[in-house]
Amino acid sequence: MTLVVATSAVDDTRHVGEALSALARPGDVVVLAGDLGAGKTAFVQGFGRGLGVPDRITSPTFTLVHVYDGRLPVHHLDVYRLDQLSEALDLGLAEMLDEPGVVLVEWGDAITPVLPHDYLEVRLTFGEGDDDRNLALRCIGPRWTARQSALASSLAPWAPTEETD
Ligand SMILES: Nc1ncnc2c1ncn2[C@@H]1O[C@H](COP(=O)(O)OP(=O)(O)OP(=O)(O)O)[C@@H](O)[C@H]1O
Ligand SMILES: [Mg+2]
């Protein structure tokens, strides 16, 4: 099942990320999919804020990985520039996944073969207006599927619609 919400401002997308961060557990993986400028980093900014990260979260486009201290350590990856799957492992992905933090991966849909098959997928697409975005959230694997109803509750302010996969 996929839950879809619409936002119409960057702060609104940050708020969705913040609301979902309340569900975060050590070892969680969030895969962010969506075109350039869709709002993946904005979502992570809100998610980090929700986890109490005091720093300004910026895009790890060139450095590939940023790590922040919050209620849980936050690993923020952007794998857009990787040419090969093996490079994702070179980033220390396995070690990150071993740590009791959360891992959020922009363009993560490109590296799912090297990710655990247990993650929340957040797919951002452009809506009609310049500031309109749709966020489609899908639980992959038991870790997140077990939290599906909590996920729906967290999204209640955005009146999510359900799509069957
Ligand atoms: N509803 C919205 N949600 C998110 N961002 C929005 C929205 N409306 C406008 N924006 C703008 O779209 C841009 C989103 O940028 P952001 O860096 O978050 O995207 P991204 O998906 O991480 O891009 P990239 O692929 O380059 O990493 C920002 O300039 C933001 O202000
Ligand atoms: Mg980004």
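1. Which side chains does a polar contact of 2.7 Å join? The two partners are Thr 7 and Thr 13, whose side chains make this contact. The structure is a predicted model, and the distances and areas in this note should be read as values computed from that model. Thr 7 belongs to strand β1, which covers residues 2-7. Its relative accessible area is 3%, and Thr 7 is therefore classed as buried, the cut-off being under 20%. The partner, Thr 13, is also listed among the residues that come nearest to ligand 1. Thr 13 thus appears in two descriptions, that of the side-chain contact with Thr 7 and that of the ligand surroundings.

2. The surroundings of ligand 1 comprise 18 residues. Those that come nearest are Thr 13, Gly 37, Lys 40, Thr 41 and Asp 131. By class, the shell divides into 6 nonpolar, 6 polar and 6 charged residues. As to location, ligand 1 sits in the largest pocket.

3. Two helices deserve mention in connection with this shell. Helix α1 spans residues 10-21 and helix α2 spans residues 40-50, and each supplies at least two residues of the shell around ligand 1. The largest share comes from α2, with 3 residues.

4. Individual atom pairs between protein and ligand can be examined next. A nitrogen atom of ligand 1 lies 3.2 Å from a backbone N or O atom of Ala 9. At Gly 37, a backbone N or O atom is 2.9 Å from an oxygen atom of the ligand; Gly 37 is also one of the residues that come nearest to ligand 1. For Arg 133 the side chain is involved: one of its N or O atoms is 3.0 Å from an oxygen atom of ligand 1. Taken alone, the ligand exposes 640 Å², and the protein buries 74% of that area.

5. Helix α2 also contains Val 44. This residue has a relative accessibility of 1% and so counts as buried, since the class holds for values under 20%. Val 30 stands 14 residues from Val 44 along the chain, and the C-alpha atoms of the two are separated by 9.5 Å.

6. Two residues other than glycine have a positive phi value and may be inspected in the model. What is the phi of Trp 107? It is near 65°. Trp 107 is found in the loop between β5 (102-106) and β6 (119-126), and is buried, with a relative accessible area of 17%. For Ala 159, phi is near 45°. The loop that holds Ala 159 runs between α6 (148-154) and β8 (161-163). Is Ala 159 buried or exposed? Its relative accessibility is 57%, and because the exposed class begins over 50%, Ala 159 counts as exposed.

7. The loop between β5 and β6 also holds Ile 111. At 4% relative accessibility, Ile 111 counts as buried. Leu 82 is 29 residues away from Ile 111 in sequence, while the C-alpha to C-alpha distance of this pair is 9.4 Å.

8. Arg 123 is located in strand β6. With a relative accessible area of 34%, Arg 123 is partly exposed, because this value falls between the limits of 20% and 50%. Arg 123 can be related to Trp 107, discussed in point 6: the two are 16 residues apart in sequence and 9.6 Å apart in space, C-alpha to C-alpha.

9. A last residue to consider is Tyr 68, in strand β3, which covers residues 65-68. Tyr 68 is buried, with a relative accessible area of 8%. How many residues separate Tyr 68 and Pro 54 in sequence? The separation is 14 residues, and the C-alpha to C-alpha distance is 8.5 Å.

How values were computed:
Residues are numbered from 1 along each chain as its sequence is written. Chains are lettered from A and ligands numbered from 1 in the order in which they are written. This is a predicted model: local features need pLDDT of at least 70, side-chain atom pairs count only at pLDDT 80 or more; totals for chains, interfaces and linings use all residues. Side-chain values use heavy atoms; hydrogens and water are left out. A residue is near a molecule or strand if one of its heavy atoms lies within 4 Å of it. A polar contact is a pair of N or O atoms within 3.5 Å; within protein, one must be able to donate a hydrogen and the other to accept it, and residues adjacent in sequence count only if both atoms are side-chain atoms. Accessible areas come from the Shrake-Rupley method with a 1.4 Å probe; for residues, only the protein chains shown count as cover. On a 1 Å grid over the protein atoms alone, a cavity is a set of points where a 1.4 Å probe fits but cannot get out, and a pocket is an open set with protein on both sides within 12 Å along at least five of seven lines; lining residues have an atom within 4 Å of a point. A molecule sits in a cavity or pocket if more than half of its atoms lie within 2 Å of its grid points. Helices (H or I, at least four residues) and strands (E, at least two) are DSSP runs, numbered from the N terminus. Ala, Val, Leu, Ile, Met, Phe, Trp, Tyr, Cys and Pro count as nonpolar, Asp, Glu, Lys and Arg as charged, and the others, Gly among them, as polar. Buried means under 20% relative accessible area, exposed over 50%, partly exposed in between (1.4 Å probe, protein chains only).
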